[in-house]
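Q: Please take a close look at the surroundings of the ligand in this model, and describe which parts of the protein meet it and how the charged side chains there are connected.

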Amino acid sequence: MSDPQTYRFHDINRLTAEEVLKRLETAGGGLTADEALRRLAECGPNVLSAPERYVFLQRLVRHFTHFLAVLLWIAAGLSFAADFLRPGEGMATLGWAILGVIVINAAFAFYQEYKAERAVHALHRMLPDTAWVSRGGQSVEVPRSEIVPGDLLLLEEGEREPADARLIEATGMRVDNSALTGESKPKRRTADPADDGHWLDMPNLVFAGTTILSGHGRAVVFAAGMRTEFGKIARLTATVEEGLSPLQREIVAVTRVVAAISLAMGAAFFAIGLWSGLGFWISAIFGIGIIVANVPEGLLPTVTLSLAMASQQMAKRKALVKHLPSVETLGCTTVICTDKTGTLTENRMKVDRFYADRLVIEAREGCFFTAGRLVPNTDAERWRPLFDALLHCHNAKRVRRPDGRSTMTGDPTEVALLEFAIEHGLAHPPPLRRMGELAFDADRKRMSTLHWSEGRLIAFTKGAPESLVPLCARLRLHGEGIPMSSDERARILAQSRTFAEQAYRVLAVAMREVAHQPEHIEVETIENDLTFLGLVAMMDPPHREVPEAVATCRRAGVRTIMITGDHPLTALAVARKIGLVPQQAPRPSRGRSPAADFVPVIEGSHLDGMSEEHLRRLLTPSRSGEPDPVFARMAPRHKMRIVSTLKEMGETVAVTGDGVNDAPALKSASIGIAMGIAGTDVAKETADIVLLDDNFATIVSAIEEGRAVYDNIRKFTTYILSSNVPEIVPFLGYGFLGWPLALTIPQVLAVDLGTDMIPALGLGTERPHADVMQRPPRPKTERLLNRPLLLRAYLFLGLIEAAIAMGAFFLYLETHGWTWGTPLDWASPLYREATSVTLCAIVVTQVANVLACRSDRRSVFTLGRFGNPLILTGIAFELTMLLLLIYTPLGHRLFGTSGLPLWIFGPLALGALALLAAEETRKAIANRFAGGRWNPVGRAAGGP
Ligand code: ATP
């Protein structure tokens with residue numbers, strides 16, 4: 001194996017399994033660990049190297065050429081032109097200041113975008129990316145990047161292939177090659193040699209990036225990394241960029257509208273200036289001033305960064321967001337459709353008791369008890385076939401963990417059964433050779449395996465009792481097989497219900513001795529004429545945090561609907577444990593099917609015959625506090641139907657899923673949520689969010705973060721917009737009322753693109769406030785910049801700031817010898833000082849404003865003074881920058897400022913306090929008079 005190129009084998013499809021192993025110089029147990037390392041060093045890691053991208057430069061350029069930047073370029077050009085035509089009026093300084101602003105603005109926006117992108121990439125890296133291989137005869141989980149040619153892959157349903165490989169063993173395998181071929185029809189795969197057909201359609205080859213829809217098998221890798229078929233097309237597709245989220249698009253639209261309005265206003269001012277005899281250049285400056293003062297430049301990058309930071313917070317809380325738009329959608333979630341097993345419960349199943357020989361037998365500390373009495377070992381021998389079935393009818397496997405210990409992996413139900421069988425040591429089976437399998441299927445709700453042992457063919461079947469017991473013609477009683485009477489069948493099902501009512505997950509187990517020779521048996525026909533062996537009851541406790549999370553959802557107006565494949569009574573018992581339905585379920589009143597009377601549980605079979613209208617009625621939130629129905633014995637298609645109906649009803653639906661069959665529901669949900677631990681690769685790839693801890697409570701935390709980030713975006717938008725008013729009023733006063741111009745254009749820029757930036761960012765990172773989950777979800781249609789926000793920003797906070805700033809400006813002038821009506825020389829020290837006072841007033845009131853904007857309802861004094869370090873840093877930054885503007889020669893030169901006596905900050909601080917007091921009063925009044933509307937707990941507490 002000297003040249004890596006030789007690992008590509010164009011005839012690999014024609015070889016037998018033995019020849020494949022020989023060609024790739026590997027063994028039936030896979031490569032040894034040393035050989036795998038050697039090949040890794042030789043061939044390099046199994047990764048797709050991204051093609052070179054010129055995106056960096058492209059993006060940087062974009063920040064210098066967007067709409068606002070172009071406006072600023074024009075403004076700078078005009079200023080330089082003015083200086084050229086009428087030198088000595090300081091217009092060139094203005095030009096330079098505007099150029100500086102363009103650079104600072106672009107650099108800051110670029111930095112924010114870069115940081116947001118890094119955050120998102122870092123999140124992607126958090127998704128575990130491993131595959132199972134056999135190395136030296138042991139099953140081990142290795143990072144996908146360490147897969148090498150010759151590796152023996154152990155493939156399971158739902159996995160994404162890590163490399164191109166040739167199957168040497170395949171059971172019921174179907175693959176989805178759409179990632180490569182675009183065709184999503186499932187394709188059968190076998191291990192037999194084949195030599196007709198297209199390379200990508202070869203029935204014994206599996207390719208990197210494609211997924212296994214069903215079955216399992218083993219395959220030898222012949223191409224990895226960029227040499228895979230996927231690697232070849234990855235070169236072409238890696239540059240695709242994600243589009244903007246709805247919120248980002250809204251921001252772009254808002255910025256455009258504001259810019260258009262400002263442009264029109266700027267033009268009007270220019271015309272008014274000319275008309276009132278101000279002359280071309282001064283009029284042009286007005287126009288520019290108006291435009292610059294109004295356009296919310298920093299909004300889009302700050303929004304993007306806020307979303308990215310929120311997704312980082314979510315990741316810390318174990319919810320991995322794959323696409324930024326999901327962060328926003330989460331905040332609107334009105335319904336969570338959740339699985340039971342593993343999401344609401346821990347997925348740590350343990351067999352607690354079983355039913356055999358008409359007895360309930362408890363298993364404790366390795367012993368059996370019935371009716372409190374110890375069962376002697378000799379009696380327990382009778383249950384050996386039951387234990388044999390548990391030991392053999394599964395697809396769990398023993399694997400070696402990185403720490404060297406060996407454990408079981410696979411379906412937790414099967415692992416629990418297997419561990420139970422091993423722990424009690426009853427199964428000493430004769431060597432059994434597995435001949436075939438009828439895989440588990442969520443519709444049949446059972447599985448069977450077929451074994452050859454000492455000249456006998458034995459089938460073991462396990463599954464949901466109501467799906468399996470009707471297939472049993474006999475039962476084992478005290479070691480003897482007897483015919484199954486209808487009484488006996490009813491007794492078994494009654495016992496299964498009793499277990500289910502106690503929140504146990506129940507499986508029935510049966511066997512059959514088949515008369516045929518192995519070569520004559522059709523596996524599909526073995527599930528009949530079975531002999532019932534027993535019922536096994538497993539406990540799977542709810543996650544500790546779930547009851548609280550369910551209660552939080554209820555307070556937050558988010559409905560939780562359980563959709564499970566498990567028994568209705570088990571589902572109901574778990575729903576009661578976690579507070580989803582009250583301990584004593586109320587009588588139904590919403591037209592539930594008769595079988596579900598007295599219990600709000602709908603079964604899959606009911607759903608099949610249910611009209612769309614009936615389903616809608618069931619899914620409509622109850623006004624009288626009735627709990628939502630629990631959906632049990634559901635197959636993935638049922639889940640899909642519920643999700644689609646909810647969406648048609650206008651709900652924002654978050655849906656959890658783990659299996660291949662869940663993919664359609666995950667895709668059609670408003671937010672698809674996959675399990676990070678128990679979920680298949682297919683589910684994780686389809687989902688928008690991956691739960692790293694598979695816990696329902698994590699979804700609730702993510703919703704909280706989603707709501708908080710939207711609130712935060714509103715907070716800094718309010719903050720940024722309100723400072724526009726004191727920036728524009730001086731120009732209005734100058735243009736319409738003949739006031740001296742209280743603020744110069746460079747000073748406007750200094751606020752907008754200087755002092756305001758970090759505090760705005762601080763508001764963008766505000767942690768969720770306590771009331772976030774005590775109000776109903778935000779309607780999907782609600783606009784970011786709604787009327788209350790605009791009124792508060794422009795007509796309340798903004799006007800107060802403007803009054804303080806203009807007041808300070810005139811007071812300073814009047815106390816320094818200026819009288820109304822007299823002209824003021826723009827170059828005079830008094831004018832520079834007075835405009836500096838206006839600037840100081842705006843910045844100091846913005847300090848109070850940033851505190852006021854932390855919440856639009858709650859008093860700033862209830863929010864915790866040191867709650868948000870970035871806001872404190874922002875304030876420090878804002879004030880430091882102001883001092884640099886006012887007290888340094890560079891500040892003076894670029895921004896036309898002048899040093900001020902320090903006492904001036906005393907009255908300005910009082911002004912800032914006045915703004916804070918006004919806002920506190922407004923909040924108090926709003927809370928008092930809009931009490932009904934703003935008593936979110938009362939409004940959201942519609943649930944039981
Ligand atoms: P959820 O959808 O909440 O995760 P679930 O895991 O119980 O619930 P399914 O996996 O569809 O849903 O299982 C449905 C039923 O099928 C179970 O209640 C059980 O009776 C049976 N079952 C589950 N796993 C197996 C298995 N490996 N072998 C045989 N029967 C099984």
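A: In this predicted model, an N or O atom in the side chain of Arg633 is placed 3.0 Å from an oxygen atom of the ligand. Taken on its own, the ligand has 610 Å² of accessible area, and the protein covers 89% of this. A second contact to a ligand oxygen comes from the backbone, where an N or O atom of Gly565 lies 3.2 Å away. A nitrogen atom of the ligand, in turn, is 3.0 Å from an N or O atom in the side chain of Asp411.

Asp411 also belongs to the group that comes nearest among the 18 residues around the ligand, together with Lys340, Arg505, Thr564 and Asp566. By character, the residues of this shell divide into nine charged, five nonpolar and four polar. As for where the shell residues come from, strand S18 (456-463) and strand S21 (505-514) each supply at least two of them, and S21 gives the largest share, with three residues. Arg505, one of the residues that come nearest to the ligand, falls within the span of S21, residues 505-514.

The charged side chains deserve a separate word. Lys340, Arg505 and Asp566, which are among the residues that come nearest to the ligand, are linked with Glu466 and Arg633 in a network of salt bridges. Arg633 therefore appears twice in this account, once through its side-chain contact with a ligand oxygen and once as a member of that network, where a salt bridge requires a side-chain nitrogen of Lys or Arg within 4 Å of a carboxyl oxygen of Asp or Glu.

For comparison with this network, the count of salt bridges comes to 45, and a few individual pairs can be set beside it. Asp681 and Arg144 form a salt bridge whose closest N and O atoms are 2.8 Å apart. This pair links distant parts of the chain, since Asp681 sits in helix H23 (residues 681-686) and Arg144 in the loop between strand S2 (138-143) and strand S3 (152-155), 537 residues apart. Both Asp681 and Arg144 are buried. In another pair, the side chains of Arg353 and Glu362 meet at 3.8 Å, N to O; Arg353 counts as buried because its relative accessibility is 17%, whereas Glu362, with a relative accessible area of 24%, is partly exposed. Arg544 and Glu545 form a salt bridge with their closest N and O atoms 3.9 Å apart, and here Arg544 is exposed, at 71% relative accessible area, while Glu545 is partly exposed, at 35%.

Terms used. Residues are numbered from 1 along each chain as its sequence is written. This is a predicted model: local features need pLDDT of at least 70, side-chain atom pairs count only at pLDDT 80 or more; totals for chains, interfaces and linings use all residues. Side-chain values use heavy atoms; hydrogens and water are left out. A residue is near a molecule or strand if one of its heavy atoms lies within 4 Å of it. A polar contact is a pair of N or O atoms within 3.5 Å; within protein, one must be able to donate a hydrogen and the other to accept it, and residues adjacent in sequence count only if both atoms are side-chain atoms. Accessible areas come from the Shrake-Rupley method with a 1.4 Å probe; for residues, only the protein chains shown count as cover. Helices (H or I, at least four residues) and strands (E, at least two) are DSSP runs, numbered from the N terminus. Ala, Val, Leu, Ile, Met, Phe, Trp, Tyr, Cys and Pro count as nonpolar, Asp, Glu, Lys and Arg as charged, and the others, Gly among them, as polar. Buried means under 20% relative accessible area, exposed over 50%, partly exposed in between (1.4 Å probe, protein chains only).
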